[in-house]
Amino acid sequence: STNRCPNTRDMATLPQLIEEDIQKLDETLREFLAQTDATLALVLDKGGFLLTHQGDAGELDLTTLGALASGAFLASQTIAGLVKECDFNHTVLQGEQSSLCTMNVDEHCLLVVVFPSPTGIGVVKYYSAGAISRLARQLAVAHERDPEGGLDLSEMNVANPQELFRKKTA
């Protein structure tokens, strides 16, 4: 049987992000949080590395949350293949108090949203379309700035990846 799904196993490198990119990603996340009453929104690379976040992280370990949310999402992609789907574009973990939704942004990144369960997944999914579009557009701008450049964060041992995203000095 022929595989009608594009190969998503090849992890492309993340575009080189500068401070302006992070500011625009953060602006999109803040607007999304205001629209949805979600508690927290994170942008991760698909290896689970946190690129940026907005909202109230409280006592959450965002490094661990990012790694686990990414792993769960990628596991869902494998399950999709088993049931003859190209992919599942989001995963949802629902609890009594809090829920978490992980959504695909582009070939490099995921959006993870933590929201109060009473808010419901509908409002999160509704507003996520615009947010994901803006996030993907900013990541594309970063890629076009230096198409041959980029980072594979999985090859680095970085405690704080945000140090990589400082403005370049002339």
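This section describes the confidence, sheet architecture, helix packing, salt bridges and selected local features of a predicted protein model.

Over the protein chain the pLDDT averages 84, and 79% of the residues score at least 70. Two segments remain under 50 in pLDDT. Over residues 7-11, where pLDDT stays under 50, the model has four contacts beyond four places in sequence. Over residues 153-157, where pLDDT again stays under 50, eight contacts beyond four places in sequence are found.

The strands are arranged in an open sheet of five members, in the order β2-β1-β5-β4-β3, and the pairing is antiparallel. The edges are formed by β2 (50-55) and β3 (90-94), each of which pairs on one side only. From one strand to the next, the twist averages 15°. At one edge, strand β1 (residues 40-45) runs antiparallel to β2 and is joined to β2 by five bridges. Within this pairing, L44 has L50 of β2 as its bridge partner.

Two helices pack on the sheet. Helix α2 (residues 62-82) touches β1, β2, β3, β4 (98-104) and β5 (109-116), and the direction of α2 makes about 65° with that of β1. Helix α3 also packs on the sheet, with β1, β3, β4 and β5 as the strands touched; the direction of α3 makes about 150° with that of β5. At the other edge of the sheet, five bridges pair β3 with β4 in the antiparallel sense. Three residues separate β3 from β4 in the hairpin that the two strands form. One of the bridge pairs here matches Q94 with S99 in β4. In general terms, the side chains of a regular strand alternate between the two faces of the sheet.

Charged side chains were examined next. Side chains of opposite charge can pair when their charged atoms come close. Across the whole structure, the search finds four salt bridges. One of them joins the side chains of K24 and E20, with an N to O distance of 3.3 Å. Both residues belong to helix α1 (residues 19-36), where they are four residues apart, about one turn of the helix. With a relative accessibility of 37%, K24 counts as partly exposed. E20 is likewise partly exposed, its relative accessible area being 39%.

A salt bridge is also formed between R145 and D21, whose closest N and O atoms are 2.8 Å apart. This pair links distant parts of the chain, since R145 lies in helix α3 (residues 121-145) and D21 in helix α1, 124 residues apart. The two partners fall into separate accessibility classes: R145 counts as partly exposed at 39% relative accessibility, whereas D21 is buried, with a relative accessible area of 0%.

The same two helices are connected through E27 and R134, which form a salt bridge with closest N and O atoms 3.5 Å apart. Here too the pair links distant parts of the chain, with E27 in helix α1, R134 in helix α3, and their positions 107 residues apart. Both partners are partly exposed, E27 with a relative accessible area of 43% and R134 with one of 25%. R134 further takes part in a network of salt bridges that links E27, E31 and R134.

With regard to cysteine, the count of disulfides comes to zero. C101 is buried, with a relative accessible area of 0%, and C109 likewise counts as buried at 0% relative accessibility.

Two residues other than glycine are noted for positive backbone phi values. For D37, phi is near 60°. D37 is found in the loop between α1 and β1, and counts as exposed at 56% relative accessibility. For K84, phi is near 65°. K84 is found in the loop between α2 and β3, and its relative accessibility of 66% places K84 in the exposed class.

Methods:
Residues are numbered from 1 along each chain as its sequence is written. This is a predicted model: local features need pLDDT of at least 70, side-chain atom pairs count only at pLDDT 80 or more; totals for chains, interfaces and linings use all residues. Side-chain values use heavy atoms; hydrogens and water are left out. pLDDT is the predictor's confidence in each residue, from 0 to 100. Contact means heavy atoms within 4.5 Å. Buried means under 20% relative accessible area, exposed over 50%, partly exposed in between (1.4 Å probe, protein chains only). A disulfide is a pair of cysteine sulfur atoms within 2.5 Å. Two strands pair if DSSP finds at least two bridges between them. Axes are lines fitted to C-alpha atoms, for helices over the stretch in contact, and angles run from 0 to 180 degrees between N-to-C directions.
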